[in-house]
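Trainee: Please choose one part of this model and go through it closely with me. I would also like to know what surrounds that part.

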Amino acid sequence: MVSIIINGLFIGFLSSAPMGPVGMLCIQRTLNEGKRHGLFTGLGAAVGDMLIALLAIIAALGLGFSTEFIQQHEGPLKVVGSIVLIVFGYVVYNKNPSKNITKLKENSMSFWKVFVSSLILTISNIATLFLYIALFARFNVIDADKPFGYDLITILFIGIGAILWWLLVTYIVNKLRTRFNPRGLQIFNKIIGVLLIGLGVAGIITGTLMGIDFF
């Protein structure tokens, strides 16, 4: 159970960290409308992440990720998931999010509209689904022989991890709003990109050591 909680928190935190469209939206709204608008943007993203994680688990289970299958192909699954992580890390590393920051003119959207718009933006990004599948494969999250309740607990803590990330982002941006430098986001994205690539490389090494047996 402890490993489920830790993996869920880590996956939720890590998957939210790259500064993509939702991250930019959260920062923009925090700067222009205040931390509560930024926080509701993050909450919408967290709920969207939980829905995508649920879809990723259902998709993986539908592909027959049983305990026997995972045990037989744990090495290849970890390698494939790790390769996907490296690709995502490379994309994140080379992205310059500061180019996308512009002044928002939302006429003080209600918190409900802020939440829903962020939720829709999150679930519309199909790439996030593949990121979750890769993370689940990398950390051996999927197991059809476990009660589905364990998967729901994982999803819950993914959401909590994502919320903790958005709380951190809105707090820092709000505190540093007068000295906020969007160029620093590019450096941060490079750090996250390196982290994803590092996890991918480590996964390939451990997956290879397990013995590659492709069917």
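Mentor: Start with the outside. The accessible surface of the protein comes to about 10900 Å², by the Shrake-Rupley method with a 1.4 Å probe, where only the protein chains shown count as cover for residues. Carbon and sulfur atoms account for 69% of that surface.

The model is predicted: local features need pLDDT of at least 70, side-chain atom pairs count only at pLDDT 80 or more, and totals for chains, interfaces and linings use all residues. Residues are numbered from 1 along each chain as its sequence is written, and side-chain values use heavy atoms, with hydrogens and water left out.

Now confidence. The average pLDDT (the predictor's confidence in each residue, from 0 to 100) is 76. At least 70 is reached by 72% of the residues. Helix 7 has the highest mean, 88, and helix 4 (residues 67-94) the lowest, 68. Where pLDDT is low, the predicted coordinates should not be read in detail.

Next, the layout. The protein has 8 helices and 0 strands. Helices (H or I, at least four residues) and strands (E, at least two) are DSSP runs, numbered from the N terminus. Of the 215 residues, 44% are buried. Buried means under 20% relative accessible area, exposed means over 50%, and partly exposed is in between (1.4 Å probe, protein chains only). Contacts, meaning heavy atoms within 4.5 Å, reach far along the chain. Among those between residues at least 6 apart in sequence, 92% join residues at least 24 apart.

Here is the part to look at: Thr41. Thr41 sits in helix 3 (residues 35-62). Is Thr41 buried or exposed? Thr41 counts as buried because its relative accessible area is 0%. Which residues does Thr41 contact, leaving aside neighbours within four places in sequence? They are Val22, Leu25, Cys26, Arg29, Val114 and Ser118.

Follow two of these partners. Ser118 belongs to helix 5 (residues 111-123). Ser118 is buried too, since its relative accessible area is 0%. Beyond four places in sequence, Ser118 touches Val22, Arg29, Thr41, Gly44 and Ala45. Leu25 comes from helix 2 (residues 21-33). A relative accessible area of 12% makes Leu25 buried. Leu25 and Gly38 are 13 residues apart along the chain, with 7.8 Å between their C-alpha atoms.

Step back to the nonpolar cores. Each is a set of buried Ala, Val, Leu, Ile, Met, Phe, Trp, Tyr and Cys residues joined through side-chain atoms within 4.5 Å. The largest has 19 residues, and Ile11, Leu85, Tyr132, Leu135 and Phe136 have the most contacts inside it. Helix 6 gives this core its largest share, 6 residues. A separate core of 12 residues includes Val22, Ala46, Trp166 and Val169. Val22 is one of the contacts of Thr41.

Finish back at the surface. A nonpolar patch of about 740 Å² is built from nine named residues, including Phe13, Leu164, Leu168 and Tyr171. Patches use residues with over 30% relative accessible area and no salt bridge; nonpolar side chains (Val, Leu, Ile, Met, Phe, Trp, Tyr) are joined within 5 Å, like charges within 9 Å. A salt bridge is a side-chain nitrogen of Lys or Arg within 4 Å of a carboxyl oxygen of Asp or Glu. Helix 7 supplies 7 residues of the patch, its largest share. Leu168 is in helix 7. Leu168 is partly exposed because its relative accessible area is 36%.
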